[in-house]
Amino acid sequence: MKIGVCLKQVPATDTRVVVNPTASGILTNDVKWEINPYDDYALEEAVRQKAAGKGTEVVILTVGGAETEQRLRDALARGADRVVRVDDPAMAGADALGYARALAAAAKAEDVGVLFCGRQAVDGDNGAVPAMIAELLGWSQVSWIDKLAIDGGSFTANRAAGGGAKEVVTGALPGVFTCDKGLNEPRMATLPNIMAAKKKPIVVKNLDAIGLSAGAVAPLVAETAMSLPPARPAGRKLTGDAATVAAELVRLLREEAKVI
Amino acid sequence: MGILVLCDTDGGAPRKSAYELLGKAKALGLGPVTALVLGSADVSSLGGYGADAVLHYDNAVLGTYSTGAVVKALANAIAATGAQYVLASANQVARDAFPRLSARIGAGYAVECTDLRSEGGKLVGRRPVYAGKALVDVATNSAVGLYSVRPNSFPIGASTGASAPVTVSDGGVSAADVDVKVVQTLAPEGKEVDLTEADRIVSGGRSLKSKEGFDSVVRPLAAAVHATPGASRAAVDAGYAHHGDQVGQTGKVVNPSLYIALGISGAIQHLAGMRTSRVIVAVNKDADAPIFQYATYGIVGDLFEYAPLLQKEFEKALS
Ligand SMILES: Cc1cc2nc3c(=O)[nH]c(=O)nc-3n(C[C@H](O)[C@H](O)[C@H](O)COP(=O)(O)OP(=O)(O)OC[C@H]3O[C@@H](n4cnc5c(N)ncnc54)[C@H](O)[C@@H]3O)c2cc1C
């Protein structure tokens, strides 16, 4: 069984967001790009499952341009075997469902039997693509897992439920799993592996090559009018001896802010 | 036409979030509002909060969440009502079921909106992106639009006492539709309200220095002010607190009335998770810590000195 991992590059989490002049997105000139942090858990899980003999090969599936190369090489250095990068001008306008169609088609073309994704990409914060892929492929899905055991064609996983609870679930492969923090500790690339990763293949395919038309990724959702959240009103510092300050804070919380 | 509202239930009764969504759906004026309830529950109160009709899929198969059965039930409910929009509270059910439903019926999915409005007969949402560092308007252009809504986005009005006609059925699903099965439910790590729903939070950072430090300073102070304990990632990664306690961009996004940060520097990833808190209190010994730019009330000082004093004051005030 081949193991698939969906990977996306996102602005580093410490990016200061600046809205572009048409309010259609953020300015990316000064953005440092990273692998989406949740995808790190997905990649690590795939590499560990392969090492445990559950899969033969770890294939990264991604949508993006040549600018993603460095992130993809990093992922290869951390244990993935090769990359299929879907690159097509039509993807520029795609929404989550369009991305899912492209990734599902790529997963099918590669004949992967299990797919690991991050629980959400921390740019659009949709967390929608993985379950969409599962539907398009007719596979099982489990969202927000922090534990997984694969046993032949079946699996047991722990997923987030409401109110901080967890559920232990069982099901059958093929399946899509979205990975949460706590699932594993992602490894760093070692120097020899960084060197080795330079020779691993990154195959680029357009939509046609995975059997999709541009129309298939036309968006059903439009996001417009991006703005920054309103600034918080200035606060104040309380000064004086500690006991007085503590008493004063509690008084303010009760009488001024009225939150206790 | 109209809006279908997936109503959460808990212990056989609608949750507050159901009333919140019904009231908002009604106020949008985009046609009749149908409340959809999955599994056994008392649905008699829903008419009072804005439901014009109730669709009750009273089927034990839907009593425990499974992707297969719930997605099928939702698709059936959309077909039965001809709803143009479907609303659900942004919780694990919506996160798991809505995207799959979106792909199944070709419905646009607007994720985790914090506001909704109607514009020329269409539903427009407003939602945070980049962990709340920016906001966008979001609209769907498909025959059906799915919108998940963050809890506590809208006020809940009083019940009008109205009743709504209830249609009961099995929702057209059976045990054969259950794909991934729940075999066990594990209770949350803490006994407090989950961070995402908490009205008060006391968080601690790396500065607590140990699990013992966290347990003996943050937890008792949280208890004194009836708050849920939270933590920075640095505190979680160092093992002082549980994964589920992490607040921030790669932890939980919280929205309490009161957020008290003890020895947390206020890194941008932490701020992303708690910046919408109504009142923020920061205790930090570094007067230049970034957290102070966001704090409603700031105390420059040693948390080990202040936490016990605050605990005593809170105990006095809240006893
Ligand atoms: C991809 C990525 C995702 C991340 N996601 C998150 C996230 O979700 N949540 C999160 O919190 N972080 C996240 N981080 C980490 C974040 O960048 C910070 O490293 C982290 O928030 C710092 O935690 P801290 O404030 O506890 O520690 P520090 O930054 O080390 O700050 C400690 C603070 O405590 C103060 N202090 C020390 N001793 C005392 C004392 N005795 N009394 C009072 N004050 C004292 C210091 O002045 C300092 O301000 C993420 C980072 C990355 C790269």
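This passage walks through a predicted model with chains A and B and a ligand, going from the overall build of chain A to the cores, the ligand site and a few unusual backbone spots.

Chain A is a good place to start. Its 260 residues include 56% that are buried, and the chain has six helices and 13 strands. Measured out along its principal axes, the C-alpha trace of chain A spans about 65 × 45 × 40 Å. Take the contacts in chain A between residues at least 6 apart in sequence: 69% of them join residues at least 24 apart. As for the outside, chain A exposes about 10900 Å², with 53% of that supplied by carbon and sulfur atoms.

One residue of chain A gives a feel for how such contacts look up close. A:L7 sits in the loop between β1 (2-6) and β2 (9-11) of chain A. With a relative accessibility of just 5%, A:L7 falls under the 20% cut-off and therefore counts as buried. Setting aside neighbours within four places in sequence, A:L7 is in contact with A:I35, A:D39, A:I60, A:L61, A:T62, A:L72 and A:A75. In sequence A:L7 and A:A42 are 35 residues apart, yet their C-alpha atoms are 8.4 Å apart in space. Two of the partners of A:L7, A:L72 and A:A75, turn up again in helix α2 (residues 69-77) of chain A, where they are buried along with A:R71, A:L76 and A:A77. After α2 of chain A comes A:G79, with a positive phi near 125°.

On to the cores. In soluble globular proteins, nonpolar side chains tend to be buried together. The largest nonpolar core here has 63 residues, and the members that touch the most others are A:I133, B:L36 and B:L146. The biggest giver to this core is helix α3 (residues 96-110) of chain A, which puts in nine residues. A second core, separate from that one, holds 40 residues, including B:V202, B:A224, B:Y297 and B:L310. Back in the largest core, what does B:L146 touch? Not counting residues up to four places away in sequence, the list runs B:I78, B:V86, B:F98, B:L101, B:S102, B:A107, B:G108, B:Y109 and B:A110.

B:V202, a member of the second core, is also one of the residues in contact with B:T228. B:T228 lies in strand β15 (residues 228-231) of chain B and has a relative accessible area of 7%, so this threonine is buried. Beyond neighbours within four places in sequence, its other contacts are B:E192, B:V193, B:L195, B:A198, B:R200, B:I201 and B:A222.

The ligand comes next. Because residues from chains A and B surround the ligand, the site is shared between chains. The shell around the ligand has 26 residues, and those that come nearest are B:R206, B:S232, B:T250, B:S265 and B:Q269. By type, the shell splits into 15 polar, six nonpolar and five charged residues. Several polar pairs involve oxygen atoms of the ligand. A polar side-chain atom of B:H270 is 2.7 Å from a ligand oxygen, and an N or O atom in the side chain of B:Q246 is 2.8 Å from one. With B:Q249 the partner is a polar backbone atom, 3.0 Å from an oxygen of the ligand. On its own the ligand has 990 Å² of accessible area, and the protein covers 80% of it. Elements that give two or more residues to the shell are α5 (233-237), α6 (268-274) and α7 (303-318) of chain B.

That leaves a few backbone oddities. A cis peptide bond, with omega about 0°, joins A:L173 and A:P174. A:P174 belongs to the loop between β9 (166-172) and β10 (175-179) of chain A. Positive phi values also show up in residues other than glycine. A:A225, with phi near 55°, is in strand β12 (residues 221-227) of chain A; its relative accessibility is 35%, so A:A225 counts as partly exposed. In chain B, phi of B:Y130 is near 50°. B:Y130 lies in the loop between β9 (122-129) and β10 (134-140) of chain B. Is this tyrosine buried or exposed? At a relative accessible area of 16%, B:Y130 is buried.

Note on methods
Residues are numbered from 1 along each chain as its sequence is written. Chains are lettered from A and ligands numbered from 1 in the order in which they are written. This is a predicted model: local features need pLDDT of at least 70, side-chain atom pairs count only at pLDDT 80 or more; totals for chains, interfaces and linings use all residues. Side-chain values use heavy atoms; hydrogens and water are left out. A nonpolar core is a set of buried Ala, Val, Leu, Ile, Met, Phe, Trp, Tyr and Cys residues joined through side-chain atoms within 4.5 Å. Buried means under 20% relative accessible area, exposed over 50%, partly exposed in between (1.4 Å probe, protein chains only). Helices (H or I, at least four residues) and strands (E, at least two) are DSSP runs, numbered from the N terminus. Contact means heavy atoms within 4.5 Å. A residue is near a molecule or strand if one of its heavy atoms lies within 4 Å of it. A polar contact is a pair of N or O atoms within 3.5 Å; within protein, one must be able to donate a hydrogen and the other to accept it, and residues adjacent in sequence count only if both atoms are side-chain atoms. Accessible areas come from the Shrake-Rupley method with a 1.4 Å probe; for residues, only the protein chains shown count as cover. Ala, Val, Leu, Ile, Met, Phe, Trp, Tyr, Cys and Pro count as nonpolar, Asp, Glu, Lys and Arg as charged, and the others, Gly among them, as polar.
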